[in-house]
Amino acid sequence: DYYDGLEPRVGAPKPRLLEAMAQEHCDSADSHAEWTTRNYGITTTAFKEFCLVAWELIDELRGPDKESYPQEWRDAAWKMACFKDNKRPDSWPIETKNTEHPRSEERTKDFLMRAVEK
């Protein structure tokens, strides 16, 4: 059982990464279940977290420099923007712990852009 890996238990990975991430975070049974992080004391959901990060990428791929990105990335941004109930969040959740950490100001700055370039 150990040597068979995870695939027999959880299935094969989906080849369309961004669509799979959107489905997992926005349309799963626990997507809207609230939880609180232990490190920063943020109460959030998988759906809120995905929307916060996704809209940074969507804005970049639909912005003034959009022509410098591959068409398939721009198409993916459009799909994410239209994905079920994906609305631009008003603000980041309030942190109640470790607020002096530099990350608290940087947020996800370019996180997904770096991820899709790999």
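These questions and answers deal with two buried residues and a nonpolar core in a predicted model.

Guide: Residues are numbered from 1 along each chain as its sequence is written. The model is predicted, so local features need pLDDT of at least 70 and side-chain atom pairs count only at pLDDT 80 or more, while totals for chains, interfaces and linings use all residues, and side-chain values use heavy atoms, without hydrogens and water.

Visitor: Why is Arg 74 called buried?

Guide: Buried means under 20% relative accessible area, exposed over 50%, and partly exposed in between (1.4 Å probe, protein chains only). Arg 74 has 17% relative accessibility, so Arg 74 counts as buried.

Visitor: What makes the pair Arg 74 and Gln 71 a polar contact?

Guide: A polar contact is a pair of N or O atoms within 3.5 Å; within protein, one must be able to donate a hydrogen and the other to accept it, and residues adjacent in sequence count only if both atoms are side-chain atoms. The side chains of Arg 74 and Gln 71 are joined at 3.0 Å. The side chain of Arg 74 also makes a polar contact with that of Glu 67, at 3.4 Å.

Visitor: Why does Ser 31 count as buried or exposed?

Guide: Ser 31 has 0% relative accessibility, so Ser 31 counts as buried. A polar atom of its side chain lies 2.8 Å from the backbone nitrogen of Ser 28.

Visitor: What makes a set of residues a nonpolar core?

Guide: The set consists of buried Ala, Val, Leu, Ile, Met, Phe, Trp, Tyr and Cys residues joined through side-chain atoms within 4.5 Å. The largest such core here has 15 residues, and Phe 50 and Trp 55 are among those touching the most other members.
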